[in-house]
Amino acid sequence: MKNIFLLGVSRSGKTTLAKMFREKYPIYQLLDCDSIRFAYKKSLKKFAEFHVNDVGKSCEYQTFISEYYVGTISNNKDLKYILDTVDLSIEQALKIHSDEIIVCFGYANLTITEIVENYKKYDDTNWTEEKTAEAIYKKANRWLDVSNSLEKACEKYNIKYFDTGTNRKKVLNEAFKWIETQNSKD
């Protein structure tokens with residue numbers, strides 16, 4: 001079994017897939033970078049200016065996540081990990097471990113309005129209730145740009161990309177099977 005990187009935009013199904021995989025394969029430990037990011041953001045005021053997943057740009061937080069992951073897996077070689085993050089680019093993930101399974105998720109084929117509808121549909125933390133409509137639409141526009149950039153980067157580096165904008169449950173099941181197939185190759 002290999003470690004798994006689940007990269008992509010918010011509300012694209014990364015955490016859902018990680019939980020599905022962990023349920024079937026309890027050997028996997030989930031490294032949920034959302035929780036780590038919120039703690040990091042709360043403790044460092046300058047981090048509040050950072051926009052998550054500035055594709056192709058590096059920052060202290062992305063370096064921190066990379067080092068955290070490397071340190072965790074090197075100290076626990078008998079365990080396997082799923083890294084669920086919006087915070088690393090494909091290039092950064094490949095620098096950490098190119099022999100891991102790297103899968104990306106986005107919704108490059110949706111409109112901004114459809115992305116906002118999906119945010120609300122899959123909002124299990126109620127964050128959309130705390131934001132203004134303008135802030136939600138701004139975030140949706142940003143994530144659409146990131147989805148498009150991510151899809152192009154996946155093509156460039158031959159990384160599997162899943163668009164979860166429509167038929168999300170079906171696409172996540174396809175991603176699950178694809179990861180199982182990659183794991184069975186060794």
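**Core, rings and a long stretch of helix**

Me: At 24% relative accessibility, what does Trp178 count as?

Reply: This is a predicted model, in which local features need pLDDT of at least 70 and side-chain atom pairs count only at pLDDT 80 or more, while totals for chains, interfaces and linings use all residues. Residues are numbered from 1 along each chain as its sequence is written, and side-chain values use heavy atoms, with hydrogens and water left out. Buried means under 20% relative accessible area, exposed over 50%, and partly exposed in between (1.4 Å probe, protein chains only). At 24%, Trp178 therefore counts as partly exposed.

Me: Which helix supplies the largest share of the largest nonpolar core?

Reply: A nonpolar core joins buried Ala, Val, Leu, Ile, Met, Phe, Trp, Tyr and Cys residues through side-chain atoms within 4.5 Å. Of its 24 residues, Phe5, Leu7, Tyr69, Ile90 and Cys104 touch the most other members. Among the elements that each supply at least two residues are strand 1 (4-8), helix 3 (60-75) and helix 6 (133-157), all being DSSP runs numbered from the N terminus (helices H or I, at least four residues; strands E, at least two). The largest share, four residues, comes from helix 3.

Me: How many residues does the second, separate core have?

Reply: This core includes Leu6, Leu17, Phe21 and Phe105. Its number of residues is 16.

Me: What is the angle between the planes of Phe21 and Tyr25?

Reply: The structure holds six aromatic pairs. Rings of Phe, Tyr and Trp (its six-membered ring) pair if their centres lie within 6.5 Å; planes under 30 degrees apart count as stacked, over 60 as edge-to-face and the rest as tilted. Phe21 and Tyr25 form a tilted pair, 4.9 Å centre to centre. The angle between their planes is 35 degrees.

Me: How many residues apart in sequence are the parts that Phe162 and Trp178 tie together?

Reply: These two rings form an edge-to-face pair, 6.4 Å centre to centre and 70 degrees between the planes. Phe162 lies in strand 5 (residues 160-163) and Trp178 in helix 7 (residues 168-184), so the pair ties together parts whose separation in sequence is 16 residues.

Me: How far apart are the end C-alpha atoms of helix 6?

Reply: The expected span is 1.5 Å times one less than the number of residues. Helix 6 has 25 residues, so it should span 36 Å. The end C-alpha atoms agree with this, and their distance is 36 Å.

Me: What phi does Asn158 take?

Reply: Asn158 comes just after helix 6. Its phi is positive, at about 55 degrees.
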